[in-house]
Amino acid sequence: MSVSPPVAPAPAPTDRPQEAIESVLGTDGHDRTPKIAIRDLSVYYGSFRAIREISLDIRSNAVTAIIGPSGCGKSTMLRTLNRMTDLVPKARVTGEARLDGENILDPRIDVVEIRRRIGMVFQRPNPFPMSIYDNVAYGPRLYGARGRSLDEIVERTLRGAALWDEVHNKLRQSALSLSGGQQQRLCIARAMAVEPDVILMDEPASAIDPVGTLRIEELIGQLRAHYTIVIVTHNMQQASRVSDRTAFLTMGEDRAGYLVETGPTVQIFTNPKNQLTEDYVSGRFG
């Protein structure tokens with residue numbers, strides 16, 4: 001006589017819906033150890049709590065999109081991972097964010113090294129007012145070239161950012177002479193030049209034209225093989241095109257952002273587990 005397997009008990013209800021921490025091995029047998037493991041992350045600006053108790057795994061060599069309505073803390077979370085909240089008066093961070101097991105929010109850690117390992121690309125292109133060459137070489141000069149010549153680093157990085165063919169004959173010209181889309185790819189190259197583990201992108205294509213946006217999206221697709229990428233975007237189509245996984249944040253009544261749901265991008269956009277997620281991705285609010 002066959003015996004039916006026991007049925008697992010239903011999870012306990014919660015007023016703060018979040019996906020349970022996923023197993024180390026996925027159904028395909030691939031390693032699911034997170035590159036960054038965020039646990040119970042809250043950020044305060046004075047008495048105001050901007051994000052509350054977020055727990056999220058960022059997987060290696062994948063693109064994770066962070067979506068949600070304006071003001072829910074998406075950019076705050078990215079800036080916290082880069083330790084930019086250290087520069088904000090009265091900002092306070094609780095919880096952990098472990099990069100390869102090391103808590104990067106520990107006040108005793110070397111912040112300069114963290115910013116080398118976790119690069120940041122902002123919404124508006126912000127090349128330095130110097131040459132194209134010097135923009136890319138800036139980081140290696142600051143952190144060390146790691147046995148390579150600056151010329152080698154500049155060429156290799158600009159090729160990696162799909163920009164070399166467009167600028168190789170004008171490297172000594174001002175970076176400000178480039179188009180908006182080229183400037184943003186240069187900023188990505190500048191982040192890549194110090195060989196980071198993770199690249200954070202805060203709406204990297206929102207300030208450039210559709211052609212430039214397409215080039216940025218194509219570049220993100222190429223970079224996932226070498227970097228762990230986290231991208232904040234308000235563009236649902238962009239999130240669905242470029243990301244492997246998506247995390248949806250929204251705000252509670254206290255205006256603090258919290259994580260509603262995270263999972264494979266296809267699932268989030270076609271079969272989300274939470275009604276709030278379905279309402280947002282279908283355009284019912286946000």
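**Burial, strands and cores in a predicted chain**

Colleague: What percentage of the 286 residues in the chain is made up of buried residues?

Modeller: This is a predicted model, in which local features need pLDDT of at least 70 and side-chain atom pairs count only at pLDDT 80 or more, while totals for chains, interfaces and linings use all residues. Residues are numbered from 1 along each chain as its sequence is written, and side-chain values use heavy atoms, with hydrogens and water left out. Taking buried as under 20% relative accessible area, exposed as over 50% and partly exposed as in between (1.4 Å probe, protein chains only), the buried share of the 286 residues is 49%.

Colleague: How many helices and strands are there in the chain?

Modeller: Helices (H or I, at least four residues) and strands (E, at least two) are taken as DSSP runs and numbered from the N terminus. Counted in that way, the chain has ten helices and ten strands.

Colleague: Among contacts between residues at least 6 apart in sequence, what percentage joins residues at least 24 apart?

Modeller: A contact here is a pair of residues with heavy atoms within 4.5 Å. Once the list is restricted to pairs at least 6 apart in the sequence of this chain, the part that joins residues at least 24 apart is 67%.

Colleague: Why is helix 1 described as largely enclosed by the rest of the structure, and which of its residues are buried?

Modeller: Helix 1 covers residues 74–81, and six of these eight residues are buried, so the rest of the structure largely encloses this helix. The buried residues are Lys74, Thr76, Met77, Leu78, Thr80 and Leu81.

Colleague: Which residue just after helix 1 takes a positive phi?

Modeller: Most residues other than glycine have a negative phi. Just after helix 1, however, a positive phi of about 65° is taken by Arg83.

Colleague: Which residues of strand 6 point one way, and which the other?

Modeller: In a regular strand the side chains alternate between the two faces of the sheet. Strand 6 spans residues 118–121, and all of these are buried. Ile118 and Met120 point one way, whereas the residues that point the other way are Gly119 and Val121.

Colleague: In which sense do strand 6 and strand 7 pair, and which residue of strand 7 stands opposite Val121?

Modeller: Two strands pair if DSSP finds at least two bridges between them. Strand 6 and strand 7 (residues 198–202) have four bridges, and their sense is parallel. Within strand 7, the residue opposite Val121 is Met201.

Colleague: Which helix gives the most to the largest nonpolar core?

Modeller: A nonpolar core is a set of buried Ala, Val, Leu, Ile, Met, Phe, Trp, Tyr and Cys residues joined through side-chain atoms within 4.5 Å. The largest one has 44 residues, and those touching the most other members are Ile132, Leu158, Leu186, Ile188, Met201, Ile220 and Leu223. With five residues, from within the run 180–192, the helix that gives the most to this core is helix 6.

Colleague: How many residues does the other core have, apart from the largest?

Modeller: It lies apart from the largest core, and its members include Ile36, Ile66, Met120 and Leu259. The number of residues in this other core is 29.

Colleague: Which residues is Leu158 in contact with, leaving aside its neighbours within four places in sequence?

Modeller: Leu158 is among the members of the largest core that touch the most others. With its sequence neighbours within four places left aside, the contacts of Leu158 are Ile132, Val136, Leu163, Trp164, Val167, Leu171, Leu186 and Ala189.

Colleague: Is Ala205 buried or exposed?

Modeller: Ala205 lies in the loop between strand 7 and helix 7 (210–223). Beyond its neighbours within four places in sequence, Ala205 is in contact with Thr213 and Gln238, and its C-alpha is 6.8 Å from that of Ile216, eleven residues away in sequence. Because its relative accessibility is 8%, Ala205 counts as buried.

Colleague: Which residue of strand 10 stands opposite Phe248?

Modeller: Strand 9 (residues 245–251) and strand 10 run antiparallel and are joined by seven bridges, and in their hairpin, with five residues between the strands, Arg255 takes a positive phi near 70°. Strand 10 (residues 257–264) is mostly covered, with seven of its eight residues buried. Opposite Phe248 in strand 10 stands Glu261.

Colleague: What is the relative accessible area of Glu53?

Modeller: Glu53 lies in strand 2 (residues 48–59) and has a positive phi of about 50° although it is not a glycine. Glu53 is classed as partly exposed because its relative accessible area is 31%.
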